[in-house]
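Please open the model in your viewer and keep the selection panel at hand, since the tour below moves from one selection to the next.

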Amino acid sequence: AGGKIFYDKGSYSDSWRYLELCPSESSGYLQWASSTSYVSGSSAEAVGTGLANTETIIASGDSSKYPAAWYCSNLDFNGIGDWFLPSRNELAASRTNLGSGGFTRNAPYWSSSERTAADGGTNAAYYLYNPTGTTGPALKTNGDLYVKAARRF
């Protein structure tokens, strides 16, 4: 689709082998959610779980309730529309394998991975801070993070 491949799992299974980072990203800040309520089933962090997280988030509410996931789900770039909000580890892998150049801004970017009660509370989701590559939690209603979509094929 014109992006950069940041992950190769070595063979095709479950209908995909590669993860690609979209060259485009949100033009402005987006919230993960309009409230801090928990979306059951969207806390997976592993590489390969971003699509399922995004589908779970989308099924839980409309674009006004979950702007970051809806942005990715509705993105059409170069005629390709199967984008999703990457999981915490997918976002980290993209930063590790592509460097900071895979991102336009020296800023934080949302992942699709929610923080669980066991990790300190369900009112937050994880992000990646591009300048350093570190990840951490932020309140889902935080309005100063960007969104970068990924896809698998």
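## A hairpin, two sheets and a helix

Begin by selecting strand 1 and strand 2, which form a hairpin with 2 residues between them, and look in the turn for Asp14, whose phi is positive at about 55°. Bear in mind throughout that this is a predicted model.

Stay with this hairpin and display its backbone: strand 1 and strand 2 run antiparallel and are joined by 5 bridges. Two pairs of residues are useful for following the register, since Tyr7 stands opposite Leu19 in strand 2, while Ile5 has Glu20 of strand 2 opposite.

Now add strand 6 to the selection, and an open sheet of 3 strands appears in the order 1-2-6, with antiparallel pairing. Its edge strands are strand 1 and strand 6 (residues 148-152), each of which pairs on one side only. If you compare directions within this sheet, neighbouring strands are turned by 20° against each other on average, direction ignored. Helix 3 packs on this sheet and touches strand 1 and strand 2, its direction making about 115° with that of strand 1.

Next, hide that selection and show strands 3, 4 and 5, which form an open sheet of 3 strands in the order 3-4-5, again with antiparallel pairing. Strand 3 and strand 5 stand at the edges with a single partner strand each, so one side of each is left without a neighbour in the sheet. Here the neighbouring strands are turned by 40° against each other on average, direction ignored. Zoom in on strand 3 and strand 4, whose antiparallel pairing extends over 4 bridges, and pick out Pro108, which stands opposite Tyr129 in strand 4.

Bring back helix 3 (residues 88-98) for the last part of the tour. Which strands does helix 3 lie across in this second view? The helix lies across strand 3, strand 4 and strand 5, and runs at about 145° to strand 3.

Colour the buried residues of helix 3, which are Arg88, Glu90, Leu91, Ala93, Ser94 and Arg95. What covers these buried residues of helix 3? The cover includes strand 1 (4-13) and strand 2 (16-25), helix 1 (50-60), and also strand 3 (108-114), strand 4 (124-129) and strand 5 (134-139). Finally, step past the end of the helix to Gly99, the residue that follows helix 3 and has a positive phi near 75°.

Notes
Residues numbered from 1 in each chain as written. Predicted model: local features only at pLDDT ≥ 70, side-chain atom pairs only at ≥ 80, totals over all residues. Heavy atoms only, no water. Buried < 20%, exposed > 50% of the residue type's maximum accessible area, 1.4 Å probe, protein only. Contact = heavy atoms within 4.5 Å. Pairing = 2+ DSSP bridges. Axes fitted to C-alpha atoms, helices over the stretch in contact; angles between N-to-C directions.
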